[in-house]
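Notebook, salt bridges: I wanted to go through the charged side-chain pairs of this model one at a time and note where each partner sits.

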Amino acid sequence: MELTKRIVVTGRLDRAVIEGDDAEKVLALMAPAAREMWREQLAANPASVGSLYTKIDPRYPLLPATPRVKGTMSVREFDGSLVVHVDYSIAYAFAADNPTRASDIVAIRTTRADHHHVARSRVSPDNEGVIPGESADYSFSMACEPAKRGVLVPLITDPAYRSGSLDDSPTECC
């Protein structure tokens, strides 16, 4: 569970990763085969970054406060290895001008994911370690167009929201 927690914290809270777009810090915590698979995935589809780590647009910095996290972890056995399931939400507060309410500048990222912990005795050394499994990611109160590119930015930056063409409720992007 500690290794899975390190992967989540590194990928979702480490400022070098989320603000500096440093995927290698997250990849270093995974099995070698998983690292290569993710490098190929990110090269082929940069928008898939949100499934691995949070990426903040450098034009919209976070406030100095630590993002708020709420979630759970559970462990089960599957096919001879341990699977750690995480289910968490993280609220990121952005530094933005003239917000009128919290949802203008606080974007929320929700993730449900499995992390397979594979022992060497069961597989080749390239597959020993953590291999990400199924995941589902959602974002709330954020600009949707950047989300389609895998980038998290505050709702207040969305031109449709500022013009009033979006309804008053925070947007949801998948």
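I began with aspartate 137 and arginine 12, which form a salt bridge whose closest N and O atoms are 3.8 Å apart; the model is a predicted one, and I read the distance as computed from it. Looking up where the two partners lie, I found aspartate 137 in strand S4 (residues 129–140) and arginine 12 in helix H1 (residues 2–12), so that the pair links parts of the chain 125 residues apart. Both aspartate 137 and arginine 12 are buried.

Next I turned to arginine 59 and aspartate 57, whose side chains meet in a salt bridge at 2.7 Å, N to O. Are these partners buried or exposed? Arginine 59 has a relative accessible area of 58% and is therefore exposed, the cut-off for that class being over 50%, whereas aspartate 57, at 9%, counts as buried because buried means under 20%.

My third entry concerns arginine 112 and aspartate 87, which meet in a salt bridge at 3.4 Å, N to O. Arginine 112 belongs to strand S3 (residues 106–118) and aspartate 87 to strand S2 (residues 81–93), so this pair ties together parts that are 25 residues apart in sequence. Here I noted arginine 112 as partly exposed at 38% relative accessibility, and aspartate 87 also as partly exposed, at 27%.

I then looked for linked pairs, and recorded that Glu24, Glu36 and Arg39 are joined in a network of salt bridges. For the overall tally, I noted that a search of the whole structure finds eleven salt bridges.

How values were computed:
Residues numbered from 1 in each chain as written. Predicted model: local features only at pLDDT ≥ 70, side-chain atom pairs only at ≥ 80, totals over all residues. Heavy atoms only, no water. Salt bridge = Lys/Arg side-chain N within 4 Å of Asp/Glu carboxyl O. Helix = DSSP H or I, 4+ residues; strand = E, 2+ residues; numbered from the N terminus. Buried < 20%, exposed > 50% of the residue type's maximum accessible area, 1.4 Å probe, protein only.
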